[in-house]
Amino acid sequence: MLLLKLFFAFMQVGLFSVGGGYAAIPLIQEQIVNIHKLMTMEEFTDLITVAEMTPGPISINSATFVGMRIAGIPGVLICTIGCIIPSFCICLTLAHFYYKYRTVSGVQVVLGSLRPAVVALIASAGASILMLGLFQAELGDIILRDVRVVELVIFIASLVILRKFKVSAITIILGSGVVGTLAYTLMGAVG
């Protein structure tokens, strides 16, 4: 029953995540954390962090990690297949119709109207991850005393370095990891 639940959860993610992997993050959160309560928000944030660091599409990586965390190897297969099947079928169908009707102006209008929805999904995922990284609560539950000072300082410093000095994003990510690890190690040694 759990595997079936995972399959249908990731099938919905694959079906409705228009715009790529980052658009899938809020959908995965809704299915795994909010609806089925298979993970906590903290576990989900850790999962997204690992999925972003791993090469490949974030939605597939997330499906793989959720499957492994919840149901082992069978979960990996079920979640990954559930995430891929809708995209495969939709892409196959759309490719057929696109090549057949690509000169029709209505096709271009439909594709253009999907762009704002994709931007909104990606912005929602970014805001959700930012709020979980900087605060110990979701977007609607933010309390100023819950701010994570170390993460906030690293975020602001990274943003300034990235924008002002045009340092590589990979360098920023690695540097942030080193600084965060050192900060928490020192805080653990002191406290």
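Student: Why is Cys91 not joined to another cysteine in a disulfide?

Tutor: In this predicted model, the cysteine sulfur closest to that of Cys91 belongs to Cys89 and lies 9.6 Å away, which is too far for a bond. A disulfide requires two cysteine sulfur atoms within 2.5 Å, and 9.6 Å does not meet that cut-off, so Cys91 forms no such bond with Cys89.

Student: Why is there no bond between Cys79 and its closest cysteine?

Tutor: The closest cysteine sulfur to Cys79 is in Cys83, at 8.7 Å. Set against the limit of 2.5 Å, that distance is too far, and therefore the pair is not a disulfide. The search of the whole structure accordingly returns 0 disulfides.

Student: What makes Cys79 count as buried?

Tutor: Its relative accessibility is 0%. The term applies under 20%, so Cys79 qualifies as buried. Over the chain, buried residues account for 29% of the 191 residues.

Student: How do you know which secondary structure elements the chain has?

Tutor: The count gives 7 helices and 0 strands. The order along the sequence is accordingly α-α-α-α-α-α-α.

Student: What share of the contacts between residues at least 6 apart in sequence joins residues at least 24 apart?

Tutor: That share is 50%, where a contact means heavy atoms within 4.5 Å.

Student: What part of the accessible surface belongs to carbon and sulfur atoms?

Tutor: Of about 12000 Å², 73% belongs to those atoms.

Student: How far apart are the mean positions of the positive and negative charges?

Tutor: They are 14 Å apart, for 11 positive and 9 negative charges.

Terms used: Residues are numbered from 1 along each chain as its sequence is written. This is a predicted model: local features need pLDDT of at least 70, side-chain atom pairs count only at pLDDT 80 or more; totals for chains, interfaces and linings use all residues. Side-chain values use heavy atoms; hydrogens and water are left out. Helices (H or I, at least four residues) and strands (E, at least two) are DSSP runs, numbered from the N terminus. Buried means under 20% relative accessible area, exposed over 50%, partly exposed in between (1.4 Å probe, protein chains only). Accessible areas come from the Shrake-Rupley method with a 1.4 Å probe; for residues, only the protein chains shown count as cover. Lys and Arg count as positive and Asp and Glu as negative; His and the chain ends are not counted. The place of a charge is taken as NZ of Lys, CZ of Arg, CG of Asp or CD of Glu.
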